[in-house]
Amino acid sequence: MNTPTRYHPLSVALHWLTVLLIFGAGFLSEEGGRSPINIHMIIGSMLLIVLLIRIVVRFATKQPAQANTGNALLNKLGELMHYGLYLAAFFILGMGALIANKRNLFAVAMGSGSVAGRAGSLGEIHQLGWFLVILLVLGHVGAALYHQFILKDNLFSRMWFGKQ
């Protein structure tokens, strides 16, 4: 079997769409969650769908070999970073769903209810999850820059469109 040098174009598109949705949801949220249904909740729902599709595509397509730093510890940290990004994203989405349920936002979205209460400590935990994602994304970007400019292994080309 030939191991591809790039990710499948659908994986690439989903990766960058995930980036846009994560930052869109994070930066377009309203402080305190005052709006009953807003762009933040819609983008979060889209993010959940995209992440689930990403997982299916990941197992359905051939992947390039894991990027190698030449250091076993850094290689393991890179692998854990990817799992951490997925786990943190799903954690935030789960907390968002709990908040939406607590505040009756699903019924509001369907036009059959009114907003109940505040997010409270769930909102604070949801926000801490956002900070964790930001830290993981910064680590992910830092590792990509290390590969591209220090190791000079042309890592960026793997997660962009082009010939396999």
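**Figure 1. Packing of helices α2 and α3 in the predicted model.** In this predicted model, α2 and α3 are oblique to each other, because their packing angle of about 140 degrees falls in none of the ranges for roughly parallel, roughly antiparallel or roughly perpendicular helices. Their axes lie 10 Å apart. The crossing in which α2 passes α3 is left-handed. On the side of α2, the contact is formed by Met41, Gly44, Leu47, Leu48, Leu51, Leu52, Arg54 and Ile55. On the side of α3, Tyr86, Ala89, Phe90, Leu93 and Ala100 take part. Sorted by class, the residues of this contact comprise 11 nonpolar, one polar and one charged.

**Figure 2. Helix α3 and its buried residues.** Helix α3 runs from residue 72 to residue 102 and contains 31 residues. At 1.5 Å a residue, a span of 45 Å is expected, and the end C-alpha atoms of α3 are 44 Å apart, so the two values agree. Buried positions in α3 are Asn75, Gly84, Leu85, Ala88, Ala89, Ile92, Leu93, Met95, Ile99 and Ala100. The elements that cover these buried residues include α2 (39-60), α4 (105-109) and α5. Of the buried residues, Ala89, Leu93 and Ala100 also belong to the contact with α2.

**Figure 3. Packing of helices α1 and α5.** Helix α1 spans residues 9-27 and helix α5 spans residues 121-151. The two helices pack at an angle of about 140 degrees, and their axes are 12 Å apart. This angle makes α1 oblique to α5. As in the view of α2 and α3, the crossing is described by its hand: α1 passes α5 in a left-handed crossing. From α1, the residues in contact are His15, Ile22, Phe23, Gly26 and Phe27. From α5, they are Trp130, Val133, Ile134, Val137 and His140. The contact of α1 with α5 consists of seven nonpolar residues, three polar residues and no charged residues.

**Figure 4. Helix α5, its buried residues and the residue that follows.** Helix α5 has 31 residues. The distance from its first C-alpha to its last is 43 Å, close to the 45 Å expected at 1.5 Å a residue. Leu122, His126, Gly129, Trp130, Val133, Leu136, Val137, Ala144, His147 and Gln148 are the buried residues of α5. Among the elements that cover them are α1, α2 and α3. Trp130, Val133 and Val137 are buried and also take part in the contact with α1. After α5 comes lysine 152, which has a positive phi, near 55 degrees.

**Figure 5. Surroundings of serine 11 in helix α1.** Serine 11 belongs to helix α1. Its relative accessible area is 11%, so serine 11 counts as buried, the cut-off being under 20%. When residues up to four places away in sequence are not counted, serine 11 touches Val57, Thr61, Gln63 and Met159.

**Figure 6. The protein chain as the setting of the close-up views.** The protein chain contains five helices and zero strands, and the pattern along the sequence is α-α-α-α-α. Taken along the principal axes, the box filled by its C-alpha atoms is roughly 55 × 25 × 20 Å. Of its 164 residues, 34% count as buried. Among contacts between residues at least 6 apart in sequence, 73% join residues at least 24 apart.

Technical notes. Residues are numbered from 1 along each chain as its sequence is written. This is a predicted model: local features need pLDDT of at least 70, side-chain atom pairs count only at pLDDT 80 or more; totals for chains, interfaces and linings use all residues. Side-chain values use heavy atoms; hydrogens and water are left out. Axes are lines fitted to C-alpha atoms, for helices over the stretch in contact, and angles run from 0 to 180 degrees between N-to-C directions. Helices (H or I, at least four residues) and strands (E, at least two) are DSSP runs, numbered from the N terminus. Angles under 35 degrees count as roughly parallel, over 145 as roughly antiparallel, 65 to 115 as roughly perpendicular and the rest as oblique. A crossing is left-handed if the near helix is turned anticlockwise from the far one by less than a right angle, and right-handed if clockwise. Contact means heavy atoms within 4.5 Å. Ala, Val, Leu, Ile, Met, Phe, Trp, Tyr, Cys and Pro count as nonpolar, Asp, Glu, Lys and Arg as charged, and the others, Gly among them, as polar. The expected span of a helix is 1.5 Å times one less than its number of residues. Buried means under 20% relative accessible area, exposed over 50%, partly exposed in between (1.4 Å probe, protein chains only).
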